Amino acid sequence: MMATRTKLSTLSRQVLTSSPRRFSVPQILSPRRSLSSRVQPSYPGCRPQLQVCHSQRCLTSPRGRRHFGASSTSRGATALAFAEEEPVEEIEVDQGTLPASKLRNIAIIAHVDHGKTTLVDQLLRQSGTLKPNTDQNSAASTDGDSEFGQRVMDSNDLERERGITILSKCTSIDYNGTNINIVDTPGHADFGGEVERVLNMVDGVALVVDATDGPMTQTRFVLGKALARGLRPLVVLNKADRSTARPAQVESDLFDLFATLGATDEQAEYPLLYASAKQGWATAQGPSAPGQAIAPGADMTPLFDLILSHVPPPSHLNRSKPFSMLTVQIESDPYVGVLYLGRVQSGVLRSAKAKSKKIFGRRGLERTEKDAAGAGEIVSIAGIKMGSGGVNVTLVHPEGWGEEGPVALPTTPIDPPTISVVVYPNDSPLAGQEGSKLTSQLIRDRIYKEAETNVALTVLPGPTSESLELRGRGVLHLGVLFETLRREGFELGIGPPKAVLVPNPEVPGQMLEPVEECTVMVKEEYAGGVVQKLTMRKGEMVSYEADEAQEGWVRIVMDVPARGLIGYMAGEFKNDVHGQGTINHIFKGYEPYRGAMDTGRNGALISMANGESSGYAMMPLQARGAMFIHPQIQVYPGMVIGESSKSQDLYLNPCVKKQLTNIRAAGADEKIVLASPKIMTLEESLAYMADDEIVEVTPKNVRLRKLILDVNKRMRMKK
């Protein structure tokens, strides 16, 4: 018996044009709409092969610019691809694919710095996936004190520099004949979109909780998302080897958190392991008596066994149906080009002999080529050409779905952005001296490309024709994007971050603002100052209690508007607690606007001269306030060079040089003594700037300047 087999090698996205040879007018179809009325190809020997349903919203603004943003109810352009029919022998559906019973898909979720990435590294090492003293391990090594590299999953330069996970990454290990796909997720609240978009790929989650800190703000966020999708978590109490560990109290807090988030009885019956990812062991045996230390285990075998027994295989996915897959990430390869990562939701996809169309699985940190992939497998597909988009796009086979036709797969709803900034092309007197990408068109194209993959980022038209408004989860979320752009050679100006206000649908004329639930761990002697500062920023106290894990420390929970945390978390908080405290926040919801707030920032010291700063001029200027620059730095009129000790702005000349003459002085020259300037990072500058200032970002420098450089024009604007 002969049948028709799908060939991935011949897939190619055709442009929808009015050409009579291929298509007629392009169609815009809803993902739920039947595709039976789509335009058929006009040349013989071909039939529809692949349907691309966009779940990423791509609209057109009145000015002709695109809007990008994540949307759970998607609507977008539909594209068709075609392949030639090839008669082949009829084969079994699962031939060449891994059985569903031999698959496990799990995500590692946790609060920041609770040990997710270290735990994934240990699983890779102890499964034999990573070999000691390999090039890929040594490249990611940070200390060099081990035969293995440390935090090999932190492959991004920014991740290694900051010590945090920014992007979700997928890896795979083999254990007892079972393929375990592991997704490592970020732990910072600003990168919560990375967690939301990968949960539809997994059938279970491992919730990692610090045995000392217990559940934190991001723990609540990621656990709530997992429970809402019906996933059954397994819990790992990490860092159980520490002397400050308090497993009994943390277990009690965890159960209360599950109950608060509305977990079902099945979800609340979660298995629990005690582990030390750094030392490489896990055990199910808790402390023999209250207050006693946990006996270390031998290795990570209990965790491997628990994943196999607790996480269900993807047997619920039907491999006899036509192929469908939801892409969640775009990757690139220098040899095969763009790859689309996702889990096959139904059917079986097979590759052919052509080199340009391939299917890749995972083996540790490397991609391995596959001949076929069945429902439940996480794979990357090369050779699919899409004009725009790529994340939250459904790839389907257009035939075999019945009368209704194929529909877009459901996506995980993404929480709305809370912070917005306006991006301008750099127009300062020093523009073009360091970067290579300066024009607004280059900046616009790069940001649109980022919005296609960054589901938590929204791009809107700016107040001017050359500007764009970016909306994200927080200052760190946007700051990482701007840091990436400057390393790519871009120069741009960034406006002050502001909260995203939305109208109240119930009360006409009232605006709602995003409110964050802020959790502060601080020594009791500094708690009063922190509470006072957050109260000035319209914060409201929720709880104040002593920390049982550390004597003399308190745990403070306050609801603070997102705009109140912008300037406080960057540097002011560290000064208030003298480096002995942590602050975490998570989006709570929208509440009525709480009115104007006074952040207490002083005026700015503004340069009134163009040239190179000198120590001779800066020494007497130190009495005016704190300086932001070193001597021998290029400055220009309107550039902010320091913070005034008063509330008013002061205009200074930091470029005065000592006049050299041939007259010999009887006395010795005065010794120049300069205090260390306050050098701010990109995120600190974004949080510090005033409403009439912007941050000038170049590949080598971050400068703070006034939006309007001319002082006379600036004065007229204030009037």
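How many disulfides does the protein contain? In this predicted model, the count comes to zero disulfides, given that a pair of cysteine sulfur atoms must lie within 2.5 Å to qualify. Two of the cysteines can be placed by their accessibility: Cys-170 is buried, with a relative accessible area of 10%, and Cys-655 also counts as buried, at 15% relative accessibility. Both assignments follow because buried means under 20% relative accessible area.

Turning to the protein as a whole, the model holds 16 helices and 40 strands, and of its 719 residues 53% count as buried. Among contacts between residues at least 6 apart in sequence, 72% join residues at least 24 apart. The surface that the protein exposes amounts to about 32,600 Å², and carbon and sulfur atoms supply 50% of that area.

One strand serves to show how burial can be followed residue by residue. In a regular strand the side chains alternate between the two faces of the sheet. Strand β22, which spans residues 393–396, is covered on both faces: Val-393 and Leu-395 lie on one side, Thr-394 and Val-396 lie on the other, and all of these residues are buried. The partner to examine here is strand β15, residues 324–333, which pairs with β22 in the antiparallel sense over four bridges. Within this pairing, Leu-326 stands opposite Thr-394 of β22, and Thr-394 is itself one of the buried residues just named.

The backbone of two loop residues also deserves a look. Which sign does phi take at Lys-538? Although Lys-538 is not a glycine, its phi is positive, at about 65°. Lys-538 lies in the loop between helix α11 (524–536) and strand β30 (540–546), and its relative accessible area of 29% makes it partly exposed, because that class covers values between the 20% limit for buried and the 50% limit for exposed.

Gln-632 offers a second case, again in a residue other than glycine, with a positive phi near 65°. Gln-632 is found in the loop between strands β35 (625–627) and β36 (634–635). Is Gln-632 buried or exposed? At 61% relative accessibility, Gln-632 counts as exposed, because the cut-off for that class is over 50%.

Methods: Residues are numbered from 1 along each chain as its sequence is written. This is a predicted model: local features need pLDDT of at least 70, side-chain atom pairs count only at pLDDT 80 or more; totals for chains, interfaces and linings use all residues. Side-chain values use heavy atoms; hydrogens and water are left out. Buried means under 20% relative accessible area, exposed over 50%, partly exposed in between (1.4 Å probe, protein chains only). Contact means heavy atoms within 4.5 Å. Accessible areas come from the Shrake-Rupley method with a 1.4 Å probe; for residues, only the protein chains shown count as cover. Two strands pair if DSSP finds at least two bridges between them.
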